[in-house]
Structure formats: structure tokens, C-alpha cells
Amino acid sequence: MLDKQSLARLKKHMAARTNNIVRGIYITHRYLNEWSLAKWEEDGWEGIRPDHLRLISIISLEALNINELSKRARVSKQAMSKMVNDLISKGLIAYETDATDSRSKIISITKEGIGFLEYFLKCKKVMEKKCEAFIGVKKTKQLTAILAELSEGILEMEKKECEGK
């Protein structure tokens, strides 16, 4: 059993958790990930995970090697290699040997990968409608703008950190 002081500390913590940005982002992230996984599988995109989307999004802009991909995605080379192999097996990305370094592979998106990105944009609209159902159109637009600003700030900070290393 907890003593009175510990119980009071616990009650204070429980009261503070309802209006907490970290908790709110976590619950929203969890909900949208779970919905995405189920929807993607239902629509025939089995085995695609939200972290795969990060890789597809990066290489949709330019073909890159695994080292550069892992830096941009902020994951280890081993984790990136696994994601690359997963997506190659699904036909969403492909690789070719780098013309300047035969040991290096250049990863690029395929037509099937572009098809998934197009499909994802439709899913994104459904996700936005789900948010609107919870908090309304106006607040969803405000939240989107705030999160975009926050995300850009974080990405800029991470870029500076990488350049400083």
C-alpha cells in the first residue's frame, strides 16, 4: 500500500496527465498508426508500416544510398537496410549499383511505390476527416498548421545537429 505522501504525488500526476502535449501526441500517433495499418492491409498493402512511409517519402524526392537514407530518416544503417529489403521485396523501391562506387547501392522509388504514395494521399484525407470528427474543421486546420510549424522547427534543429557532427 502507498503511504499518504506517495498517494498525493500519484494523484497530482494523474490530474496533470489529462492536459499534456506528450500524451496527446502519443495517443493521436498510436490511433492513426493502428488505423493506417488496418486500412492498408484491408486495401491490399499488407506488411507496409508507417516507418516504411518515411523511407518511401525520402526517396520519392531523390535516389540515395543507404548511408544517406539512414541519416535523413535518423535510423541506424542496419535498420535502414532491413526497411530497404522489406520494400524491395514488396516492389515499392529498387536499387542499382552506384556508378561511382560499385560497393554502394542507390535506392529509388518504383511505379508501385508511387502508386502507394498516391494511395496514401487518399488515406491522409480520411485521417483528416477523422480528426475533424473529433475536434471540428477549424481546430483541425489550426492543429495541422501548428504541427507543421513544430515539425519544421524540429527538422531544422536536427539538420543543424547533423551538420555539427
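Here are four short exercises, each with a worked solution, on a predicted model.

**Exercise 1. Follow T140**

Task: Find the helix that holds T140, decide whether T140 is buried or exposed, and list its contacts beyond its neighbours within four places in sequence.

Solution:
- Step 1. Start with the location: T140 sits in helix α7, which covers residues 137–164.
- Step 2. Next, look at accessibility. T140 has a relative accessibility of 5%, and buried means under 20%, so T140 counts as buried.
- Step 3. Now turn to the side chain. One of its polar atoms is 2.7 Å from the backbone oxygen of G136.
- Step 4. Finally, set aside the neighbours within four places in sequence. T140 then touches E128, C131, E132 and I135.

**Exercise 2. Map the nonpolar patch**

Task: Work out which helices each supply at least two residues of the nonpolar patch on the surface, and which supplies the largest share.

Solution:
- Step 1. Collect the members: I21, V22, I25, Y31, F134, I135, L143, L147, L150, I154 and M157. Together they have about 1000 Å² of accessible area.
- Step 2. Assign them to helices. At least two residues come from each of α2 (21–42), α6 (111–135) and α7.
- Step 3. Compare the shares: α7 gives the largest, with 5 residues.
- Step 4. Take one member as an example. V22 belongs to helix α2. Its relative accessible area is 60%, and exposed means over 50%, so V22 is exposed.

**Exercise 3. Put the strands in order**

Task: Give the strand order of the open sheet and name its edge strands.

Solution:
- Step 1. Recall that strands of a sheet pair through backbone hydrogen bonds, either parallel or antiparallel.
- Step 2. Read the order here: the 3 strands run β1-β3-β2, with antiparallel pairing.
- Step 3. Pick out the edges. β1 (64–65) and β2 (93–97) each pair on one side only.
- Step 4. Zoom in on one pair. β1 joins strand β3 (residues 105–109) in the antiparallel sense over 2 bridges, and L64 faces I107 of β3.

**Exercise 4. Check a backbone angle**

Task: Say what is notable about phi of R74 and where R74 lies.

Solution:
- Step 1. Begin with the general pattern: most residues other than glycine have a negative phi.
- Step 2. Compare R74, whose phi is near 60°, a positive value in a residue other than glycine.
- Step 3. Place R74 in the chain: the loop between α4 (66–73) and α5 (77–89) contains this residue.
- Step 4. Add accessibility. R74 counts as partly exposed because its relative accessibility is 43%, and partly exposed covers the range between 20% and 50%.

Key:
Residues numbered from 1 in each chain as written. Predicted model: local features only at pLDDT ≥ 70, side-chain atom pairs only at ≥ 80, totals over all residues. Heavy atoms only, no water. Helix = DSSP H or I, 4+ residues; strand = E, 2+ residues; numbered from the N terminus. Buried < 20%, exposed > 50% of the residue type's maximum accessible area, 1.4 Å probe, protein only. Polar contact = N/O pair within 3.5 Å; in protein donor to acceptor, adjacent residues only side chain to side chain. Contact = heavy atoms within 4.5 Å. Patch = residues over 30% accessible without salt bridge, like charges linked within 9 Å, V, L, I, M, F, W, Y side chains within 5 Å. Areas by Shrake-Rupley, 256 points an atom, 1.4 Å probe, with all protein chains shown as cover. Salt bridge = Lys/Arg side-chain N within 4 Å of Asp/Glu carboxyl O. Pairing = 2+ DSSP bridges.
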